[in-house]
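Me: I am new to this protein and would like to learn how to read its features one at a time. Could you take me through them, giving the general idea before the particular case?

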Amino acid sequence: MAFVTFENGLRAVCSEKTGSNVCSVVVHINGGCQSEKNNQSGLTEYVSRLLLRGTKNYPTREALLNYAKLHGIILKTHASRECLTISAVCTNETLSWAVELLAEIIFDYRFNETT
């Protein structure tokens, strides 16, 4: 298992499972609904839904999900008490596309009320 902490505090953990053609990439954000104040109730769940609404290169939910489907990537978000996660399940061959897509969702998101 490899563990790396980048200068900006982002941590990456890589764990290889040999003998499988399927892999997953997960962005795990600490601080789920247990971190919400009373006037923020539901914020974690709301953000989890917004994450798949669009990015700079894929400005609508449909465009984003169509790109993922075209490359055999299954995108999911999950909000829990402890964290917010977004995951991409794919084949080993499409791993680089999955990583790039998750990076775009996290760092270059775009959404509005009509998407």
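Reply: Let us begin with a pair of strands, keeping in mind throughout that this is a predicted model. Strands S4 and S5 run antiparallel and are joined by 6 bridges.

Me: What joins S4 to S5 along the chain, and through how many residues?

Reply: The link between S4 and S5 is a hairpin, and it passes through 3 residues.

Me: Which residues of S5 are the bridge partners of threonine 77 and histidine 78?

Reply: In general, the strands of a sheet pair through backbone hydrogen bonds, and the pairing may be parallel or antiparallel. Here threonine 77 has isoleucine 86 in S5 as its bridge partner, while histidine 78 is partnered by threonine 85, also in S5.

Me: What is the order of the strands in the open sheet, and which of them stand at the edges?

Reply: The open sheet has 3 strands, in the order S3-S5-S4, and the pairing is antiparallel. The edges are taken by S3, which covers residues 22–30, and by S4; each has a single partner strand, so one side of each is left without a neighbour in the sheet. From one strand to the next, the twist averages 15°.

Me: Which helix packs on the sheet, and what does that helix touch?

Reply: Helix H3, made of residues 95–107, packs on the sheet and touches S3, S4 and S5, with its direction making about 155° with that of S5.

Me: How should I read the two sides of a helix such as H1, and which of its residues are buried?

Reply: The general idea is that an α-helix has 3.6 residues a turn, so residues three or four places apart point the same way. In H1, which spans residues 43–50, the buried residues are Thr44, Ser48 and Leu50. Because these residues cover an arc of only 160° around the axis, they lie on the same side of H1. Tyr46 and Arg49 are exposed, and they sit on the face of H1 turned away from its buried side.

Me: What covers the buried residues of H1?

Reply: The cover includes strand S4, residues 74–79, and strand S5, residues 83–91.

Me: Let me take one residue of S5, serine 87. Is serine 87 buried or exposed?

Reply: A residue counts as buried when its relative accessible area is under 20%. Serine 87 has a relative accessible area of 17%, and therefore it is buried. Leaving aside neighbours within four places in sequence, the residues in contact with serine 87 are Val25, Val26, Ile74, Leu75 and Lys76.

Me: How much space lies in the largest pocket, and how many residues line it?

Reply: The largest pocket holds about 1,200 Å³ of space. Its lining consists of 28 residues, and those lying nearest its centre are Ala12, Val13, Val25, Val26 and Val27. Two or more lining residues are given by each of strand S2 (11–14), S3 and H3, and the largest share, 9 residues, comes from S3.

Me: Finally, how many helices and strands does the protein have, and what pattern do they follow along the sequence?

Reply: The secondary structure comes to 3 helices and 5 strands, which, read along the sequence, follow the pattern β-β-β-α-α-β-β-α. Of the protein's 115 residues, 30% count as buried. Among contacts between residues at least 6 apart in sequence, 62% join residues at least 24 apart.

Conventions
Residues numbered from 1 in each chain as written. Predicted model: local features only at pLDDT ≥ 70, side-chain atom pairs only at ≥ 80, totals over all residues. Heavy atoms only, no water. Buried < 20%, exposed > 50% of the residue type's maximum accessible area, 1.4 Å probe, protein only. Helix = DSSP H or I, 4+ residues; strand = E, 2+ residues; numbered from the N terminus. Arc of directions from axis to C-beta. Contact = heavy atoms within 4.5 Å. Pairing = 2+ DSSP bridges. Axes fitted to C-alpha atoms, helices over the stretch in contact; angles between N-to-C directions. 1 Å grid on protein atoms, 1.4 Å probe; cavity = no way out; pocket = protein on both sides within 12 Å on 5 of 7 lines; lining within 4 Å. Points joined across faces, edges and corners; volume = space filled by probe spheres on them.
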